[in-house]
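Student: Could we go through this fold together, one question at a time?
Tutor: Gladly; have the sequence and the structure open beside you as we talk.

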Amino acid sequence: MPDEEPATDLPLAGIRVLDAACFIAAPFTASIMSEFGAEVIKVEHPAGGDPWRRYGTATELPDCSLAWLTEARNRRSITLDLSRVEGADLFLDLVRGADVVCENFRPGKLEAWGLGWEALSAANPGLVMLRVSGYGQSGPYRDRPGFARIAHAYGGLTYLSGMPGETPVTPGSTSLGDYMTGMYGCIGVLLALRHRDRTGDGQVVDCALYESVFRALDEIAPRYVREGFVREAEGTGTVNACPHGHFTAGDGSFLAIACTTDKMFERLTRAMERPDLLASYARQEARLAGRAEVLAEVEAWTSSMPRDRVLALCTGHSVPAGPVNSIADIVNDPHVRERGTLASIEVPGIGPVTVPAALPQLSRTPGSVKSLGPRLGADNIGVYRDELGLTEERIHQLQEAGVI
């Protein structure tokens with residue numbers, strides 16, 4: 001990173017986000033924005049709040065799982081029952097002073113409470129509304145419930161995952177589609193804010209979980225439409241390049257090698273000291289035709305020595321290669337430490353908690369993780385009394401009635 005003095009004002013300073021969503025996708029959009037200066041207010045139901053609070057590994061604090069602490073970073077928390085008339089009215093008051101609303105209710109739910117796009121945009125014409133759902137706000141499947149695992153399956157990723165002829169496996173994190181959609185949501189919100197800054201008009205950002213997954217599957221759509229080719233599960237390799245996959249080292253560990261071009265394969269054969277392989281398989285077409293033999297030769301080479309030695313030879317010959325890391329490998333890796341990929345944040349009542357740091361890295365206005373997931377309703381007084389002007393008596397009445 002260039003040696004520059006960080007700027008005082010972060011890019012999204014002055015932007016207020018109401019995170020009225022739960023679990024990961026839409027809240028992840030708010031998290032990214034919070035890391036770069038946006039103020040995020042988490043709006044949770046008074047009865048238990050976001051179920052994500054109890055997902056994953058519990059901590060010393062009730063309703064503060066490690067998953068919650070990690071993904072509800074940089075937030076204030078208020079409680080509010082949007083299904084109640086009083087709650088809807090308070091939410092509209094909050095919307096009038098907000099720039100962005102993030103939600104992931106089933107399509108039509110907010111409309112049933114009088115909080116659909118028409119109502120919110122009438123209260124604040126410049127509002128940007130992120131709407132995340134399994135299948136989007138339109139189409140015959142719009143009312144179906146959606147989770148990342150379903151998005152992976154429907155969007156085509158699960159079909160490609162696993163060994164050929166076997167039951168498809170989970171493609172990495174079961175929440176991958178949520179995180180992907182959260183990133184697309186952030187892109188959409190920033191684009192919409194840019195448009196609003198020019199015109200004053202807000203708009204809806206409509207993100208479907210499955211579309212984020214499908215967008216990452218490179219050429220499978222044009223190839224199928226053009227040739228009728230259905231790509232199947234490819235195990236540790238890929239149909240488009242060879243050798244390009246995972247290999248076993250002599251110490252029983254695994255590594256990845258990527259030879260997407262003829263030049264990369266030439267470098268690999270030099271590392272292997274196998275000019276005969278280059279003579280027979282210099283072109284990608286030949287390697288794909290002789291895939292089994294090429295992969296067997298590479299596997300025999302990698303398994304003849306410890307992983308670190310294989311990686312050193314690959315690195316020395318500019319062959320793209322890397323270890324197949326566990327989380328223990330990642331946490332203890334010197335490159336990860338030097339890059340600041342992880343951040344340790346002190347949480348009262350728990351102690352230091354290590355989480356992924358803010359991304360991407362900016363030289364002038366770097367993002368940061370200032371706090372982890374808040375306690376439920378921790379900022380009710382600060383928002384309802386100090387910002388909306390409710391009296392202590394009114395706040396108590398709303399609490400007694402279960403509205404907040």
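Tutor: Let us fix one cut-off before we begin: a residue is called buried under 20% relative accessible area, exposed over 50%, and partly exposed in between. Please keep in mind that this is a predicted model.

Student: Is Tyr224 buried, partly exposed or exposed?
Tutor: Tyr224 sits in helix H9, which covers residues 220-227. Its relative accessibility is 49%, and because that value falls between the two limits, Tyr224 counts as partly exposed.

Student: Which residues make the nonpolar surface patch of about 440 Å²?
Tutor: Tyr224, the residue of helix H9 that we have just placed, is one of the contributors. Named in full, the patch is made by Tyr159, Tyr224, Val225 and Val230.

Student: Which strands are the edge strands of the sheet?
Tutor: Six strands form an open sheet with parallel pairing, in the order S3-S2-S1-S4-S5-S6. An edge strand pairs on one side only, and that description fits strand S3 (75-79) and strand S6 (203-208).

Student: What is the bridge partner of Leu18 in S2?
Tutor: Strand S1 (residues 16-19) and strand S2 (residues 39-44) run parallel and are joined by four bridges. In S2, the partner of Leu18 is Ile41.

Student: What angle does the direction of helix H7 make with that of S6?
Tutor: Helix H7 (residues 176-199) packs on the sheet, where it touches S4, strand S5 (128-133) and S6. Taken against the direction of S6, the direction of helix H7 makes an angle of about 165°.

Key: Residues numbered from 1 in each chain as written. Predicted model: local features only at pLDDT ≥ 70, side-chain atom pairs only at ≥ 80, totals over all residues. Heavy atoms only, no water. Patch = residues over 30% accessible without salt bridge, like charges linked within 9 Å, V, L, I, M, F, W, Y side chains within 5 Å. Areas by Shrake-Rupley, 256 points an atom, 1.4 Å probe, with all protein chains shown as cover. Salt bridge = Lys/Arg side-chain N within 4 Å of Asp/Glu carboxyl O. Helix = DSSP H or I, 4+ residues; strand = E, 2+ residues; numbered from the N terminus. Buried < 20%, exposed > 50% of the residue type's maximum accessible area, 1.4 Å probe, protein only. Pairing = 2+ DSSP bridges. Contact = heavy atoms within 4.5 Å. Axes fitted to C-alpha atoms, helices over the stretch in contact; angles between N-to-C directions.
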